[in-house]
2 protein chains.
Amino acid sequence: MHETLKSYFQKRTQITEQKLEELAAYFKEKTFKKNEFLLREGEVCKSNYFVVSGCLRLYSINPEGLENTRYIALEGKFGTSFTSLITGQPATEYIQCLEKSTLLEINKDDFFLLVENEPAVNLVYRKILESAYITTQKRIYDFQGSDSLQRLKFLIEKHPNIFGRLSNKIIASYLGITPYTLSRLKTNL
Amino acid sequence: MHETLKSYFQKRTQITEQKLEELAAYFKEKTFKKNEFLLREGEVCKSNYFVVSGCLRLYSINPEGLENTRYIALEGKFGTSFTSLITGQPATEYIQCLEKSTLLEINKDDFFLLVENEPAVNLVYRKILESAYITTQKRIYDFQGSDSLQRLKFLIEKHPNIFGRLSNKIIASYLGITPYTLSRLKTNL
DNA sequence: GAAAAGTGTTGCGCTATAGCAACGTTTTGA
DNA sequence: TCAAAACGTTGCTATAGCGCAACACTTTTC
């Protein structure tokens, strides 16, 4: 099994080398070009992706045509449209590679079968859901309770690495502001 | 077991009457007065609560002293500070009864023990997390992509029942706007 | 059941952010 | 490698929502 994924599991559950190798069989390595799409709005999401290298972005386009960046998955993270994966409904979002990326893809049906039948995967999935929930909650409170400048400062503090790696346009759309405003806020830092 | 909780489980998993009775032993019925607190900011959350009747509200107070309502649990829902329950960290929020309420309380340790050892509870918890995640996601996209009037329309469409039951002050703080703005928006509907 | 506290509405001025235009810089791709 | 496209910044104006104050109405409390 790929080292990055292996340590992802080992960090979250006790699991034997042998079991890891069994699980490895379900993941297929794929490479994607910069800007390539893994999923488009309206399609049903069929896979979960683990990022070995590169970077995924989940985003939607609102009725006015503006992009809203929902989530960024860097190396060592799973990225997928969980909502579509869980509900089986068409996604309301796009998944795009922001860089040339190497991913490990696991089929939706295999994934949920493992969740049901492999205690280690059940536990890891629970931890993924718990941490996704907590992250998402914090993001709401950020939007609900803070102004743009505070949100920007918070992002710089927590993910300094993405500045420089992602364009300001994308960072602005993640913060829920326009690139104009982001550019102006940066002068107030 | 209390009928409301029983049907909550039966709607989400296959479970025998006998197993339900076993589980019932872990829940204690308690009643609370209007405005009584179950948890205050800074305390570690020790229980999960199922609402039999009445209504819970989770909220925080920001540095400027403004309340942000995070979640409302009506009859037939679980309500707790999941983030504090999961992480064991002090809560960043208050849990308050908005009405005289009857709740079924389950201890945190018992709850997670059942998650580990009772497949039915494991499954139900997973479904709670999945749906909490999905709900929270939608709420972000609402904040990130819509203006206040759209958010209000959306809330009216989805939860018409809470208008009349909750004060405008609380609805405004849920929408992330001031009561002044809510009052004005309502004239534009 | 009277006083106090809380709630909802509205006028007014203030602030943060949007959105267009213009322009220089960087990136992209045939 | 060079033209075209995309990006980042900044001046300007427009607008959504804030927050105070005032007032009427309702609910709570003792």
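How many bridges join β3(B) to strand β6 of chain B, and do the two run parallel or antiparallel? In this predicted model, two bridges link β3(B) with β6(B), which covers residues 78-79, and the pair runs antiparallel. One spot to look at here is F50(B), which stands opposite F78(B) in β6(B).

Strand β3(B) has another partner too. Six bridges join β3(B) to strand β8 of chain B, residues 101-107, and this pairing is also antiparallel. Within it, Y49(B) has E105(B) of β8(B) as its bridge partner. As for its surroundings, β3(B) spans residues 47-53, and five of its seven residues are buried, so the strand is largely enclosed by the rest of the structure. As a general point, side chains in a regular strand alternate between the two faces of the sheet.

Next comes the place where the two protein chains meet. Here, 21 residues of chain A are in contact with 22 residues of chain B. On the chain A side, α3 (82-87) and α5 (119-145) each supply at least two residues. The most comes from α5(A), which puts in 14 residues. By character, the chain A side that touches chain B splits into nine nonpolar, nine polar and three charged residues.

That leaves the DNA. Around strand C there are 16 residues, and the closest are D147(A), S148(A) and T181(A) from one chain, with N168(B) and S183(B) from the other. The elements giving two or more residues to this surface are α6 (148-158) and α8 of chain A, along with α7 (168-175) and α8 of chain B. With six residues, α8(B) has the largest share of the surface near strand C. Sorted by type, the residues near strand C come to five nonpolar, seven polar and four charged.

DNA strand D has 16 residues around it, and those that come nearest are N168(A), S183(A), D147(B), S148(B) and T181(B). For this strand, two or more residues come from each of α7 (168-175) and α8 (179-187) in chain A, and from each of α6 (148-158) and α8 (179-187) in chain B. The largest share of the surface near strand D belongs to α8(A), with six residues. Its residues break down into five nonpolar, seven polar and four charged.

Technical notes. Residues are numbered from 1 along each chain as its sequence is written. Chains are lettered from A and ligands numbered from 1 in the order in which they are written. This is a predicted model: local features need pLDDT of at least 70, side-chain atom pairs count only at pLDDT 80 or more; totals for chains, interfaces and linings use all residues. A residue is near a molecule or strand if its C-beta atom, placed from the backbone, lies within 6 Å of it. Helices (H or I, at least four residues) and strands (E, at least two) are DSSP runs, numbered from the N terminus. Ala, Val, Leu, Ile, Met, Phe, Trp, Tyr, Cys and Pro count as nonpolar, Asp, Glu, Lys and Arg as charged, and the others, Gly among them, as polar. A residue is buried if 20 or more other C-beta atoms lie within 10 Å of its own, exposed if 12 or fewer, and partly exposed in between; C-beta atoms are placed from the backbone. Two strands pair if DSSP finds at least two bridges between them. Two residues are in contact if their C-beta atoms, placed from the backbone, lie within 7 Å.
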